[in-house]
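Colleague: Before we discuss the details, could you take me through this model and give the reason behind each label you use?

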Amino acid sequence: MQMKLRYLGGRYQGRIVDLKPAGFAIGRERDNDLVLDEEGVSRKHCRIKEEGGKWIIEDLQSTNGVRINGERIEGPREIKDGDRIGIHHALLLFTDGADIISTSALEPVLGTAPAAGAAVAPAAAAAAAGIPPAPPAPPAAALGTAAVETPAPAVAPDEDVPVEIPWVRILLLVILVGVLVWLVVVTFLAPPKDRAQAQQAPAGQQTAQPGKGSTPPKGEFTDEELAKLMSEEDGEAKSPPAKATTPQPGPAKEPAGPFGKDTVPAQTTPTATTPAPTPAAPEGAPMVIGMALVTSDPPGATVQVDDRERGVTPLVIKDMEKGRHKLTLQMRGYEDLVRHIHMPDALPAETYALRQNPGTVRIASNPTGATVWHGTQILGQTPLILTDLSEGPQEFKVSAPGFETAKESIEVSKLRGDSRNVNLVSLLGIVEVITTPSGCKILVDNVLKGTTMPGDPGTSQSRALVVGGLPEGEHAVAVEHPNGGAQRAKVKVTRGESNKVTVQLWCLDTKITLKDGSAKYGMLMERDTTHGDVLLAEGPKTYKRYYNVEIEKVEALSPEEAQAILNQLRGPKKPSGAEVKRPKPAEGGDPEQAQTAEEAAGEGGGEEGGQIKVEGPAGDIKVTTEEVAEAFKKSTATELSRRFENKKVALTGPSSGFGKDGLGGYASFLGGKVRCMFNQEPYELARGKLEAAAAESEPVTVRGIVVGIHANKLIIRDCSLGEGKPAAP
């Protein structure tokens with residue numbers, strides 16, 4: 001259906017414009033189908049076209065937008081018969097033409113109805129009444145690109161048309177002219193009578209006395225104040241220092257502008273001048289004199305001030321002179337933006353949005369720096385602005401290392417610019433590690449990735465350490481703390497996803513001194529910053545809360561102090577032959593780290609079991625893992641503990657496992673029945689040999705001091721890796 005646009009207001013009110021189904025462009029430039037030559041109309045403002053039997057209007061990224069029935073549209077929108085289209089000040093009616101009356105269809109309206117049965121032809125009646133025929137309608141070509149139909153008014157041929165006089169408008173015009181004349185007279189013409197009254201004013205009221213200052217009447221200004229105000233308006237004001245003035249007799253000077261009354265009293269001079277207050281800036285907007293911040297979207301535009309290049313956005317210009325300046329922003333692929341700014345400016349700095357040139361394409365990506373391809377040609381890296389493209393659909397590829405290649409189809413139009421933001425899908429995965437406590441080293445596949453940082457105040461949990469760039473599959477994650485404690489785990493990584501791992505270790509990092517003089521050791525889990533209460537993990541599964549009223553002091557333990565406490569928990573070194581007693585754990589320590597003396601004493605007597613052989617004056621023992629297994633079968637744990645506690649041993653056999661423990665490490669034998677504890681340095685030296693021996697299933701020799709039997713395990717402390725032969729059975 002052929003649709004039309006009809007002007008509803010303005011100088012073209014009533015004109016009709018025929019629409020083209022293929023596309024009808026509206027804008028300020030001359031190549032549009034409908035030219036609206038107004039300042040608020042963009043060069044390419046909007047476009048109307050027919051698609052599938054529906055009429056669609058599209059805003060071509062105009063500055064002031066397009067309104068349909070008073071509502072501003074975003075993107076393409078269907079319009080229907082009777083919709084009102086607002087383009088800046090122009091208001092158009094979208095219609096199918098049914099409401100338009102052609103001049104050829106109009107008949108003259110008679111003042112009285114004809115007699116019954118009488119029919120008078122319109123043209124003949126008009127000729128008989130002496131009314132000239134209506135002039136023909138102007139052709140469509142006379143109205144430029146728009147076809148226009150102008151309806152002729154209906155006029156009765158036998159009636160005189162009264163001429164209406166707009167009395168209201170004439171009266172308003174007379175009042176306006178009178179007000180203007182009065183303002184000119186009051187402002188610039190001082191009547192002689194008023195000047196005489198000003199000169200004859202009493203000396204005691206408005207005339208300054210020698211040696212005394214006077215205050216000008218309310219609403220009036222002195223000559224110096226008037227000159228200062230006018231110079232400030234011109235941007236040339238300079239604040240002179242306040243000083244006393246001597247009154248000078250003589251006639252008063254006439255004011256230079258419409259300030260207060262029409263005259264200034266004679267000899268009215270204040271003793272000191274006070275600078276006029278500077279208007280306050282809006283709250284939250286600091287006023288900076290001589291400095292301007294220029295930002296643009298997108299950034300990187302060239303900035304010119306008064307046609308002189310100053311840099312690229314974002315830019316701070318520090319040497320701006322007071323007054324009005326021309327600001328120009330230029331960027332490849334974008335229209336030049338021109339603004340006029342005034343210094344000093346009390347308003348907050350705004351970000352200038354640049355508009356793309358028609359026919360351009362801007363491609364951005366997340367992450368930035370991706371390569372943009374057009375076929376086999378590399379166009380550049382994102383963010384990228386492309387110009388000189390052929391009109392129509394164009395295919396682009398966006399690629400980056402570790403991400404899937406994305407394909408984008410963009411319709412290039414000579415009427416507008418287009419922009420795309422491509423989110424690339426990662427081929428790699430992410431692992432987020434959260435530890436309790438913080439300060440743990442994170443190793444992924446035996447590669448150090450970082451150390452966890454403290455989290456919220458009052459808690460021991462860390463912030464997440466993000467490890468990215470991991471290929472899809474399983475990865476070994478190790479968590480180690482300087483004060484002891486370590487864990488290893490296998491983590492499955494999925495591409496494009498983030499896996500969160502939470503690890504809780506137990507290590508000695510805090511000492512609490514109570515008011516009764518006792519000390520408690522453990523790991524700080526929580527500390528109330530308001531009341532001072534402390535939650536302490538005295539063991540891996542033992543928690544106790546200490547209240548502020550019973551706490552004397554809370555101290556953080558260094559790695560060296562924690563090592564000493566762990567050694568104490570494992571048992572002190574004793575010479576051979578000393579009284580057999582198992583050390584008690586330190587107060588607040590883990591009760592599983594040591595046994596009481598009663599447990600160590602056990603039952604007396606019993607024959608020597610197993611094949612363990614004591615050699616040398618110092619009681620050194622050389623033994624194999626097979627001999628230890630046989631001794632476990634033939635002797636009780638108490639007998640073995642009483643006989644060999646605090647003896648030096650050299651244990652030889654294949655290791656069943658090793659890892660970090662406390663401030664050092666451990667090596668286990670016989671499936672965990674024998675546990676050899678290493679300090680930090682010996683373990684670091686032995687770890688490589690333990691790994692190699694485990695890979696080849698070869699035996700190793702570990703030297704250390706027997707602590708005793710704990711939880712049916714033989715514990716050996718202060719171990720080191722050495723060479724040794726198994727003892728003969």
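Modeller: This is a predicted model, and a search of the whole structure finds 17 salt bridges, so a salt bridge, which here requires a side-chain nitrogen of Lys or Arg within 4 Å of a carboxyl oxygen of Asp or Glu, is a reasonable place to begin.

Colleague: What makes Lys 20 and Asp 33 a salt bridge?

Modeller: The closest N and O atoms of Lys 20 and Asp 33 are 2.6 Å apart, and because the limit is 4 Å, the pair qualifies. Lys 20 sits in the loop between β2 (16-18) and β3 (24-27), whereas Asp 33 sits in the loop between β3 and β4 (34-35), and the two are 13 residues apart.

Colleague: Why is Asp 33 called buried, and is Lys 20 buried, exposed or partly exposed?

Modeller: Asp 33 has a relative accessible area of 17%, and buried means under 20%, so the term applies to Asp 33. Lys 20, with a relative accessible area of 41%, is partly exposed, because that class lies between 20% and 50%.

Colleague: What does the salt bridge of Arg 416 with Glu 58 tie together?

Modeller: Arg 416 belongs to the loop between β24 (406-412) and β25 (418-423) and Glu 58 to strand β6 (residues 54-59), so the pair ties together parts that are 358 residues apart in sequence. The closest N and O atoms of Arg 416 and Glu 58 are 3.7 Å apart, which is within the 4 Å cut-off. Arg 416 counts as partly exposed at 26% relative accessibility, and Glu 58 counts as buried at 14%.

Colleague: How do you know that Arg 687 and Glu 684 are separated by about one helical turn?

Modeller: Arg 687 and Glu 684 are three residues apart in helix α10 (residues 680-696), and therefore about one helical turn separates them. Their closest N and O atoms are 3.4 Å apart, in a salt bridge. Arg 687, at 23% relative accessibility, is partly exposed, and Glu 684, with a relative accessible area of 35%, is partly exposed.

Colleague: Why do β28 and β31 stand at the edges of their sheet?

Modeller: Four strands form an open, antiparallel sheet in the order β28-β27-β30-β31. β28 (447-451) and β31 (486-493) each have a single partner strand, so one side of each is left without a neighbour in the sheet. Inside that order, β27 (residues 441-444) and β30 (residues 473-480) pair over four bridges, and because two strands pair if there are at least two bridges between them, the criterion is met. Ile 442 stands opposite Val 479 in β30.

Colleague: Which residues have the most contacts inside the largest nonpolar core?

Modeller: That core has 25 residues, and those with the most contacts inside it are Leu 651, Phe 669, Val 674, Cys 676, Phe 678, Leu 714 and Ile 716. Beyond four places in sequence, the residues that Cys 676 touches include Leu 651, Phe 669, Val 702 and Ile 716. Another core, of 23 residues, lies apart from it, with Val 17, Phe 24, Ala 90 and Phe 94 among them.

Colleague: Where does the pLDDT fall below 50?

Modeller: The chain averages a pLDDT of 74, with 69% of the residues scoring at least 70, but over residues 103-132 the pLDDT is below 50, and over residues 198-219 it stays under 50. Where pLDDT is low, the predicted coordinates should not be read in detail. Among the elements of the chain, helix α7 (residues 597-601) has the lowest mean pLDDT, 33, and strand β7 (residues 67-68) the highest, 94.

Technical notes. Residues are numbered from 1 along each chain as its sequence is written. This is a predicted model: local features need pLDDT of at least 70, side-chain atom pairs count only at pLDDT 80 or more; totals for chains, interfaces and linings use all residues. Side-chain values use heavy atoms; hydrogens and water are left out. Buried means under 20% relative accessible area, exposed over 50%, partly exposed in between (1.4 Å probe, protein chains only). A nonpolar core is a set of buried Ala, Val, Leu, Ile, Met, Phe, Trp, Tyr and Cys residues joined through side-chain atoms within 4.5 Å. Contact means heavy atoms within 4.5 Å. pLDDT is the predictor's confidence in each residue, from 0 to 100.
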